[in-house]
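Here is a short note for a colleague who is opening this entry for the first time. Please keep the sequence and the 3D view at hand while reading.

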Amino acid sequence: MKTTLKGFTRHVLLAAAALSAAGLAQAQDKVKVGLMLPYTGTYASLGNAITNGFKQFVSENGGKLGGREVEYFVVDDESDPAKATENAKKLVKRDNVDVLVGTVHSGVALAMSKVARENKTLMIVPNAGADELTGPLCDANLFRTSFSMWQPSYAMGKVMAAKGHKKVVTLTWKYAGGQQAVDGFKEAFEKGGGKVLKDMTLPFPNVEFQPFLTEIASLKPDAVYVFFAGGGAAKFAKDYAAAGLKNSIPLYASGFLTDGTIDAMGEASQGLLTTLHYGDGLDSARNNAFRLNYAKSYKAQPDVYAVQGYDAAQAFNVGLTAVKGDTSKRAELIKAMETAKIDSPRGPFTFSKAHNPVQNIYLRKVEGRENKVIDTPEKSLADPARGCKL
Amino acid sequence: MDFYSFLIQSLNALQYGLLLFLVASGLTLVFGIMGIINLAHGSFYMIGAYLAFALTSLTGNFFVAILLGIPLALAFGAALEALLFAHLYKRDHLEQVLLTYGLILIFEEVRSLLLGDDVHGIPVPEIFAASIPLNDTLSYPVYRLVISAVCIVLAVGLYWLIQRTRLGMMIRAGSHDRDMVQSLGIDINRIYRTVFALGVALAALAGMLAAPISSVFPGMGSQVLIISFVIVVIGGIGSVWGALIAALIIGFADTFGKVLLPDFAGLIVYLVMAVVLLWRPEGILKKG
């Protein structure tokens, strides 16, 4: 009985596959890509870089993904979690996209992932670092081509312990992202024999740092670890230097403190050490070709966000190619992505069981206007994916 | 906290409070005295910061940028008043909210088109770039003290303008009864245009002065908008001294809240507002 049923199922599947292949050949359907990213507001430049990166891969790939032409459905998510569910539903239900790509803001990405999960839509996260996305909320249909908050901060904990710092103070915004960064940092730093004197937080997106600088000066730690991004990051680095702390107490950060903010920081940025999965001066043929093409297409230098968008397109292409453009073979498509080695400009990476990149984390030093890669403290670092049942 | 740290934190609080007054001063005029709910106040602050950035890049000198920026902001404010706000004085507050909210969106989009969405910075002007050492690890940036001084001058100047000059008298009269002032032969429209332009210029000046220490980035206006309203409301609508006192209270509450009650730092400012309003529903200093 069982065998006959299996045989029968196989026949039906084969017939269905044949039919859909025929349908494809006839209609030359375009594959529908939903881009839900911030195009206005604080993160607009990140959304644009991700979009540029994604489209660059598509054009390098002959304007196609998995052999099919691409049709984009674009929604500006405004980095507003309150509108996230509605926006995601527009793409998933109305436009019926084959893949949902987004986004930058973790709160928005968490809401999107809920919509994707309910509708079983394939989703690729090209930035949002919330640990949950490839932790407790991981899903077979959900991939991430960026990083988890835990990854770069864990690497920084290791770096600072190795440098012989024993007592540090941490400072970040009081929100999930900052908390996860500090937790990842602590895990490695305490494992390396260090001690955190005090964890300090301020409400997001408050940028009045002066009281904390006074605290740091009176606690006199060996070093300071922070997590900040964007305009707040630029202000913090300037305030830290202006308070005279930069020369006496070294400042370290994971993630994005010095990405896109070096010009704004000016002199205060020089020599800052940060950890991330990308940096300047990664001298590989892959990265050099990527940077050259990007600069040609967009008259701008690519950043880590462009790389993450580029890799989102690459990863989807791997899956779609494996099923010859037939998105109905979801299980095979996912299987192909899970086993793929993504040839990223950051260096090759694979996906962990929870679908987060297993990747190198680089130690970068600000020199001139670049985040120069000076070391690779973690090679092929996998997020622990706590709470993921995949 | 030892006594020395307490002193330094008090300096932080004082300096932050004065900076907040600078940001809120324009709103004191436009919301407090003219009675217009101006949600775009934060955008004028953002425009000021971007003006400082653009003009400093063009002229190479921060002070020249400010000297050019102030008349530009005044003209911009006067034009906005003539084109848009002049039609709203007799209308509902809701329509003012809608207009000024729309302006926020327009200003952000235009900013994005003209100058992009990157984070920018302006170096602190050379002569104020130094820091004064307070102890072996900590020093205090001179530029912050300069800003504090400017804030005090502005507070006194505004008070003098509103309480001691003929123009101020007309402004105060106009805020009580437009029609009466007009029937006395005073061109109330011109006065309102002047006050509104001044309010815009003050917000822009705050943005320009803050630019070297705060950096210049999209959405920076929305960060100052709410706190500005809090200050004007706590201080008592229409009172310059009230706004100054409120700004200092908020400065102290925020600074010491962050240090002593870090888990409630986000709440403390609003708790203070609630307590003050329970104690004095019309704000610390009433209109006068």
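The points below go from confidence to domains, sheet, helix, core and chain contact.

1. **Confidence.** This is a predicted model. It scores ipTM 0.87 and pTM 0.87. Chain B averages a pLDDT of 91. In that chain, 99% of the residues score at least 70. As a general caution, where pLDDT is low, the predicted coordinates should not be read in detail.

2. **Domains of chain A.** The domain assignment splits chain A into domain 1 (28-147 + 283-358) and domain 2 (150-276). Domain 1 is thus written in two segments. The centres of the two domains, taken over C-alpha atoms, are separated by 30 Å. Their contact takes 9 residues from domain 1 and 10 residues from domain 2. On the domain 1 side, the touching residues divide into 3 nonpolar, 4 polar and 2 charged.

3. **The sheet in chain A.** Start with the strand order. An open sheet of 6 strands runs β2-β3-β1-β4-β5-β6 in chain A, and its pairing is mixed. Which strands form the edges? They are β2 (64-65) and β6 (142-144) of chain A, each pairing on one side only.

4. **Strand β1(A) and its neighbours.** β1(A) covers residues 31-37. Of its 7 residues, 6 are buried, so the strand is largely enclosed by the rest of the structure. On one side, β1(A) runs parallel to β3(A) (residues 68-76), joined by 7 bridges. Two pairs to look for there: Val33(A) stands opposite Tyr72(A), and Leu37(A) stands opposite Asp76(A). β1(A) also pairs with β4(A) (residues 99-101), again in the parallel sense, over 3 bridges. In that pairing Gly34(A) faces Leu100(A), while Leu35(A) has Val101(A) as its bridge partner. In general, the side chains of a regular strand alternate between the two faces of the sheet.

5. **The hairpin at the β2 edge.** How do β2(A) and β3(A) run, parallel or antiparallel? They run antiparallel, joined by 2 bridges. Lys64(A) has Glu69(A) in β3(A) as its bridge partner. The two strands form a hairpin with 2 residues between them. Gly66(A), in the turn, has a positive phi of about 55 degrees.

6. **Helix α7(A).** This helix covers residues 210-219 of chain A. Why call it largely enclosed by the rest of the structure? Because 8 of its 10 residues are buried. Those residues are Gln210(A), Pro211(A), Phe212(A), Leu213(A), Thr214(A), Glu215(A), Ile216(A) and Ala217(A). The list includes Glu215(A), a residue that counts as charged. In chain A, the buried residues of α7(A) pack against β7 (167-173), β8 (195-202), β9 (223-227) and α8 (230-242). They also pack against α1 and α10 of chain B. Just after the helix, Lys220(A) takes a positive phi of about 45 degrees.

7. **The nonpolar core.** The largest nonpolar core has 206 residues. Leu100(A), Met112(A) and Ala49(B) have the most contacts inside it. Helix α8 (residues 188-214) of chain B gives the most to this core, with 19 residues. Domain 1 and domain 2 of chain A both give residues to this core, so it lies between them. Leu100(A) also appears in point 4, opposite Gly34(A). For Ala49(B), look at its contacts beyond four places in sequence: Gly207(B), Met208(B), Ala210(B), Ala211(B), Val216(B) and Met220(B).

8. **Where chain B touches chain A.** How many residues of chain B are in contact with chain A? There are 37, and they touch 38 residues of chain A. On the chain B side, the elements that each supply at least two residues are α1 (3-33), α4 (93-115), β1 (131-133), β2 (139-141), α8, α9 (220-235), α10 (240-260) and α11 (265-279). Among these, α1(B) gives the most, with 5 residues. By type, the chain B side divides into 14 nonpolar, 17 polar and 6 charged residues.

Methods
Residues numbered from 1 in each chain as written. Chains lettered and ligands numbered in written order. Predicted model: local features only at pLDDT ≥ 70, side-chain atom pairs only at ≥ 80, totals over all residues. Core = buried A, V, L, I, M, F, W, Y, C linked by C-beta atoms within 7 Å. Buried ≥ 20, exposed ≤ 12 C-beta atoms within 10 Å, placed from the backbone. Helix = DSSP H or I, 4+ residues; strand = E, 2+ residues; numbered from the N terminus. Domains from an automatic or database assignment. Contact = placed C-beta atoms within 7 Å. Pairing = 2+ DSSP bridges. pLDDT = per-residue confidence, 0-100.
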